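Please open the structure in your viewer and keep the sequence beside it. The stops below say what to select next and what is there.

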Amino acid sequence: MKKPLILVTNDDGITAPGIRALIRYMKDIGDVVVVAPDGPQSGQGHAITIDNTLHANKIVVDEKQGALEEYSCSGTPADCVKMALQELLNRKPDICVSGINHGSNSSINVIYSGTMSAAIEAGIEGIPAIGFSLCDYSWNADFDQAGEIIKKIVSESLENSIPKGVVLNVNIPKAQKENIKGIKICRQARANWKEKFDKRTSPAGKDYYWLTGEFELLDKGEDTDEWALANNYVSIVPTQFDLTAHHAIQQLNGWQFE
């Protein structure tokens, strides 16, 4: 029986430990092709390159544990998926997995996430897609604690089919695998970033700014991704790229535009 073709990408760069771990896990399930940024692209959201050239170079990162083929792309995570589907793959992948991100993409963070935007780009093209994130920002995070869970989620997604128009946002708590209580299907918690800019002055006398902020959880519900992660559950939020606020249509139709 033909193995599924799995497209692997991320936003931390093709040599990041998270994506190297994800490649190892996916090789247990199918044939793996990697198209990922040549350097860090965190926080790029769904940006695409329209004012510069793009390059995709076939490389070998790890001869023993690498994929069938790997391409290092000069663009954003969304660019990587576009390049993979339009130029680099010889057939449509059965699934696209993005990550494993170094750090959470739960709640409002999904808006800014390059990891999830790569998965969403695949979803737009009709390909089942999942974004994986580990709630540990360390470059040396222990991704192996989540390996079996990730393989289970991907296998179930291939067997049961992700609903059309839906992309899964999976976040994994920073915990030893024996302390992870299970998996919860959740909604996205209502939260935001209370941000400010740290203004400084360079030796040349020019002002510059660092963006800083604190995460502000506004949601006390026990059915959210933030609650699940705080209680050592893996959270799965089914997300969609149809941004229409359907519940508001009737109200807006009552406005007097004429």
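Is Glu-121 buried or exposed? With a relative accessibility of 5%, Glu-121 counts as buried, where buried means under 20% relative accessible area, exposed means over 50%, and partly exposed lies in between, with a 1.4 Å probe and protein chains only. Before going further, note that this is a predicted model, in which local features need pLDDT of at least 70 and side-chain atom pairs count only at pLDDT 80 or more, while totals for chains, interfaces and linings use all residues. Residues are numbered from 1 along each chain as its sequence is written, and side-chain values use heavy atoms, with hydrogens and water left out.

**Salt bridges**

Keep Glu-121 selected and add Lys-82, because the two form a salt bridge whose closest N and O atoms are 3.0 Å apart; a salt bridge is a side-chain nitrogen of Lys or Arg within 4 Å of a carboxyl oxygen of Asp or Glu. Glu-121 belongs to helix 3 and Lys-82 to helix 2 (residues 77-88), so the pair ties together parts that are 39 residues apart in sequence; helices (H or I, at least four residues) and strands (E, at least two) are DSSP runs, numbered from the N terminus. Lys-82, at a relative accessible area of 34%, is partly exposed. By the salt-bridge rule, the count comes to 13.

Next select Glu-148 and Lys-151, whose side chains meet in a salt bridge at 3.2 Å, N to O. Both residues lie in helix 4 (residues 147-160), three residues apart, which is about one turn of the helix. Glu-148 is exposed at 58% relative accessibility, whereas Lys-151 is buried with a relative accessible area of 16%. Add Asp-28 to the selection, and you have the three residues Asp-28, Glu-148 and Lys-151, which are linked in a network of salt bridges.

Then go to Arg-187 and Asp-219, whose side chains form a salt bridge with 2.7 Å between N and O. This pair links distant parts of the chain, since Arg-187 is in the loop between strand 8 (182-185) and strand 9, and Asp-219 is in the loop between strand 10 and helix 5, 32 residues apart. Arg-187 is partly exposed at 34%, while Asp-219 is buried at 10%.

**Aromatic rings**

How many aromatic pairs are there? The count comes to four, under the rule that rings of Phe, Tyr and Trp (its six-membered ring) pair if their centres lie within 6.5 Å, with planes under 30 degrees apart counted as stacked, over 60 as edge-to-face and the rest as tilted. Select Phe-197 and Tyr-209, whose ring centres are 6.3 Å apart and whose planes stand at 85 degrees, so the pair is edge-to-face. The pair links distant parts of the chain, with Phe-197 in strand 9 and Tyr-209 in strand 10 (residues 207-217), 12 residues apart. Phe-197 is exposed at 59% relative accessibility, and Tyr-209 is partly exposed at 48%.

Move on to Trp-227 and Tyr-233, an aromatic pair that is stacked, at 6.2 Å from centre to centre and with 20 degrees between the planes. Trp-227 is partly exposed at 24% relative accessibility. Now add Lys-184, which lies over the face of Tyr-233 at 4.7 Å from the ring centre; a charge sits over a ring if NZ of Lys or CZ of Arg is within 6 Å of the ring centre and within 35 degrees of the ring normal.

**Cysteines**

Select Cys-80 and Cys-96 for the next stop. The structure holds zero disulfides, a disulfide being a pair of cysteine sulfur atoms within 2.5 Å. For Cys-80, the nearest cysteine sulfur is that of Cys-73, 3.9 Å away. The sulfur of Cys-96 is 10 Å from the closest cysteine sulfur, in Cys-80, which is too far for a bond. Cys-80 is buried at 0% relative accessible area, and Cys-96 is likewise buried at 0%.

**Backbone details**

Finally, show the backbone at Gly-99 and Ile-100, which are joined by a cis peptide bond with omega about -10 degrees; Ile-100 lies in strand 5 (residues 95-102). Ser-107, in the loop between strand 5 and helix 3 (114-124), has a positive phi of about 50 degrees although it is not a glycine. Ser-107 counts as buried, at 0% relative accessibility.
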